[in-house]
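Colleague: I should be grateful for a close look at a single part of this model, with its surroundings described in order.

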Amino acid sequence: MQINPGAAEFPHRQIAAQLRARIRDGDWAAGERLPSIPAIAEMFGVAKQTVQRAIDQLRVEGVLITKPGSGTYVRGTRRRLNRLSRGRYGGHRGYHADLAARYRQQLVQVGRAPAPPEVADAFGVPDGTELIVRRHLVRTEEVPVEVGASWFRTADAAGTSLERMEAYGRPLYQEAEEAIGRRYMSATDQISARQPSREEAEILQIRPDTPVLHLLHVAYDASHKPIEVAQATWPGPMTTLTEQYQVPAPTPDTHLDPDPGLALG
C-alpha cells in the first residue's frame with residue numbers, strides 16, 4: 001500500500017480509499033480488527049495523524065468502528081430496512097423476515113415522560129405533556145443499529161399493558177389496538193437526515209458528526225385521531241431504506257395528461 005505525493009487527493013483520503021477497497025475485497029471481514037494506527041502509518045510511510053484522519057473518515061462513513069482500549073474494527077454489513085407504512089403492519093412489523101435472525105429488539109424503558117416537540121405536535125398537545133413511552137434498542141451481535149420509542153396518550157393507555165415493562169408475542173400495534181380499543185386505519189412516515197444527539201451518538205457508537213436517519217411515524221384511527229407516535233433513529237451511512245411498489249400501466253389518454261410535477265395557473 002502506498003500513496004502518491006503528487007496526487008491532488010489529500011494523503012488521508014488516498015489511505016481511506018485503499019483501506020475501503022481492501023475491506024470491500026474481503027481482506028478484512030466484518031468484525032475483524034485492523035492493524036494499529038502506527039502499523040498502518042508504517043505501511044504507508046506517513047505520520048500517525050494522517051492515518052488517524054483516514055480512520056476518522058471511514059468511521060463517519062460507517063465502515064469502521066473504534067472500541068476504546070481495544071482497537072478499530074470493520075463494522076457489520078449495511079442494514080437494509082423496509083419501514084415505510086405499507087410494510088409496517090403484519091406478522092413482521094417493521095422488519096423483513098430475512099432480518100429476524102440478525103437483529104434483536106430489546107425493550108429498555110417503559111414509563112411516563114414529557115413529550116418532545118415533534119411527538120407533541122403529532123398528538124396536538126403542548127410540548128412537555130406527559131405521555132406513556134416505550135423505548136427500545138435494536139442491535140446486531142456487534143453493535144446497536146437503532147434507537148426508537150413509541151408514544152401513547154396517557155388518557156388512552158394508562159393502566160393498560162402498554163404501561164408495563166413487558167415484551168409481547170405479537171406486534172405492538174395489535175397490543176395497542178386491544179388495550180386502547182381503537183383500530184389503526186392509516187399512517188404517515190416522515191424521514192429526515194440530521195446530526196445525532198449526544199445520547200444517540202453514544203448509544204449507536206458513532207461519532208457526533210456522523211449523520212443519522214430519523215423516522216417519525218404517526219398511526220391514526222378511523223377518525224384520523226393519532227393512536228401512536230413512533231420514533232426511530234439509525235446511523236445514516238449504515239442504513240438503506242427500501243420500498244418496492246408496482247408501476248401502474250399507462251392509460252390510453254396518458255399522453256394528454258399534464259406533467260404532474262408542473263403547477264398549472
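Which residue in β8 is the bridge partner of Ala-187?

Modeller: The model is a predicted one. In β8, the bridge partner of Ala-187 is Ala-219. This bridge belongs to the pairing of β7 with strand β8 (residues 212-220), which runs in the antiparallel sense over nine bridges. Both strands are part of an open sheet of six strands, paired antiparallel in the order β4-β5-β6-β9-β8-β7. β7 (186-194) is an edge strand of this sheet, as is β4 (104-114), and each of them pairs on one side only. On average, and with direction ignored, neighbouring strands are turned by 15° against each other. Helix α6 (residues 172-180) packs on the sheet, where it touches β5 (130-139), β6 (144-153) and β9 (226-235). The direction of α6 makes about 15° with that of β6.

At the other edge strand, β4, the chain continues into a loop that leads to α4 (117-123), and Ala-115 lies in this loop. Ala-115 counts as buried because its relative accessibility is 5%, against a cut-off of under 20%. Leaving aside residues up to four places away in sequence, Ala-115 touches Ala-120, Asp-127, Gly-128, Thr-129, Leu-131 and Trp-151. For one of these contacts, Thr-129, the C-alpha atoms of the pair are 5.3 Å apart in space, although 14 residues separate Ala-115 and Thr-129 in sequence.

Leu-131, another contact of Ala-115, is included in a nonpolar core of 14 residues, together with Phe-123, Val-125 and Ala-149. That core is separate from the largest one, which has 18 residues. In soluble globular proteins, nonpolar side chains tend to be buried together. Within the largest core, the residues with the most contacts are Ile-15, Val-51, Ile-55 and Leu-64, and the elements giving two or more residues to it are α1, α2 and α3. Ile-55 touches Leu-19, Leu-34, Ile-37, Ile-40, Leu-64 and Thr-72, again not counting residues up to four places away in sequence.

Of these elements, helix α1 (residues 11-24) has 14 residues and reaches 20 Å from its first C-alpha to its last, close to the 20 Å expected at 1.5 Å a residue. Its buried residues are His-12, Gln-14, Ile-15, Ala-16, Leu-19 and Ile-23. Among the elements that cover them are α2 (37-44), α3 (48-60), β1 (64-67) and β2 (71-74). Just after α1, Gly-26 takes a positive phi of about 90°.

Terms used:
Residues are numbered from 1 along each chain as its sequence is written. This is a predicted model: local features need pLDDT of at least 70, side-chain atom pairs count only at pLDDT 80 or more; totals for chains, interfaces and linings use all residues. Side-chain values use heavy atoms; hydrogens and water are left out. Two strands pair if DSSP finds at least two bridges between them. Helices (H or I, at least four residues) and strands (E, at least two) are DSSP runs, numbered from the N terminus. Axes are lines fitted to C-alpha atoms, for helices over the stretch in contact, and angles run from 0 to 180 degrees between N-to-C directions. Contact means heavy atoms within 4.5 Å. The expected span of a helix is 1.5 Å times one less than its number of residues. Buried means under 20% relative accessible area, exposed over 50%, partly exposed in between (1.4 Å probe, protein chains only). A nonpolar core is a set of buried Ala, Val, Leu, Ile, Met, Phe, Trp, Tyr and Cys residues joined through side-chain atoms within 4.5 Å.
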